[in-house]
Amino acid sequence: MGRAAQARRDEIVRLATTTGLASVEELSAQLGVTASTIRRDLAHLKAAGLLARTYGGAMAVVTHPEATLRQRIGEAFEAKRAIAAWAAAQIRPGETVLLDSGSTTGALAHELRHAVDLTVATTGLNALQELAGATGVHVECLGGTLRQVSQGFVGPLAEAALSRMTFDRAFLGADGVTAEEGICEASLQQTRFKELMMERSRHVYLLVHAAKLGRRPFHAWARMPDAPGAWTLVTDASATEESLKPFTARGVRTVVVAIPS
């Protein structure tokens, strides 16, 4: 096998591992070879135990690992802090807001410590810790089953608590997001809960740093509202025009936040 074929197959494995799925059509277009060549590559990689075939494509054999909250807090720290500062500036005194679990929403909770006349409901332990001493903030914990890896609450008890409230604004996080399929997470419990969060909120913001745009690390999805302008994507200035285009084409309000130098 030539070097070009080996390099192409290495790239196929990389794409399947980082995005979760790889279709024959997408790989053919991206790598500049015919669909039949891609099918031969996939057959070779399957025989080598490097990929599993799916209908129309392939997926990584090993499930993409879910990073712990501790790991995620250290990733893209400055970008997350800038996104959190922008999000905090959207909140008005007297509002009731909902914070998802996650590192970026935890950074938002940090920004809200000195807020006045604000009610914050959250599913995240890190957000609760940030707001524990905030005298101007009334805090509601949407408790339920604690996911150790994400340090967030999910499950029927959390859903029941959520059903008793409505919110002026909801700020969500994600492991990945695509314009076509919505929010990608490691579990169906998470994606169901995010959909319920969106249903209970007047304004919905998805806070993600640029590396998560277009990512498909898992196979559980939360659908985003279809109406143009129904939700706002907030990301950082390292996002490329190409990664943002699918969202703007669907009428998603997109905010790109500068990262302080």
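Let me start with a single pair of residues: alanine 170 has valine 204 in β12 as its bridge partner. That pair belongs to the parallel pairing of strand β9, residues 167–172, with strand β12, residues 201–207, which extends over five bridges. Before I go further, please keep in mind that what we are looking at is a predicted model.

Stepping back to the sheet around that pair, we find seven strands in an open arrangement, ordered β6-β5-β4-β9-β12-β14-β15, with parallel pairing. At the edges are β6, residues 137–141, and β15, residues 253–257, each of which pairs on one side only. If direction is ignored, neighbouring strands of this sheet are turned by 20° against each other on average. As a general reminder, strands of a sheet pair through backbone hydrogen bonds, in either a parallel or an antiparallel sense.

Moving along the sheet from β9, the next strand I would like to discuss is β4, which pairs with β9 in the parallel sense over three bridges, and in this pairing valine 97 stands opposite arginine 169 of β9. With strand β5, residues 118–122, β4 also pairs in the parallel sense, here over four bridges. Within that pairing, threonine 96 stands opposite threonine 119, while leucine 98 has alanine 121 as its bridge partner.

How are the faces of these two strands covered? In β4, residues 96–99, Thr96 and Leu98 are buried on one side, and Val97 and Leu99 are buried on the other. In β5, the buried residues are Leu118, Val120 and Thr122 on one side, with Thr119 and Ala121 on the other. Because five of the five residues of β5 are buried, this strand is largely enclosed by the rest of the structure. The general background is that in a regular strand the side chains alternate between the two faces of the sheet.

The connections between these strands are also worth following. β4, helix α6, which spans residues 103–111, and β5 make a right-handed β-α-β unit. On the other side of β5, five bridges join this strand to β6, and the two run parallel. The chain passes from β5 through helix α7, residues 125–131, to β6, in a β-α-β crossover that is again described as right-handed. Across that pairing, alanine 121 stands opposite glutamate 140 in β6.

Within helix α6 I would single out threonine 104. Is this residue buried or exposed? Threonine 104 is buried, because its relative accessible area is 6%, which falls under the 20% cut-off for that label. Leaving aside neighbours within four places in sequence, its contacts are Lys80, Ile83, Ala84 and Leu207.

Two further helices deserve a word. Helix α9, residues 188–199, has 12 residues and reaches 17 Å from its first C-alpha to its last, close to the expected 16 Å; among its buried residues are Phe193, Leu196, Met197 and Met198, and also Lys194. Helix α10, residues 241–249, lies across β14, residues 232–236, and β15, and runs at about 150° to β15.

Finally, for the protein as a whole, there are 10 helices and 15 strands, and buried residues make up 49% of the 261 residues. Of the contacts between residues at least 6 apart in sequence, 62% join residues at least 24 apart. The accessible surface comes to about 12,800 Å², with 53% of that belonging to carbon and sulfur atoms.

Terms used: Residues are numbered from 1 along each chain as its sequence is written. This is a predicted model: local features need pLDDT of at least 70, side-chain atom pairs count only at pLDDT 80 or more; totals for chains, interfaces and linings use all residues. Side-chain values use heavy atoms; hydrogens and water are left out. Two strands pair if DSSP finds at least two bridges between them. Axes are lines fitted to C-alpha atoms, for helices over the stretch in contact, and angles run from 0 to 180 degrees between N-to-C directions. Contact means heavy atoms within 4.5 Å. Buried means under 20% relative accessible area, exposed over 50%, partly exposed in between (1.4 Å probe, protein chains only). A crossover is right-handed if, with the strands pointing away from the viewer, the path from the first strand over the helix to the second runs clockwise. The expected span of a helix is 1.5 Å times one less than its number of residues. Accessible areas come from the Shrake-Rupley method with a 1.4 Å probe; for residues, only the protein chains shown count as cover.
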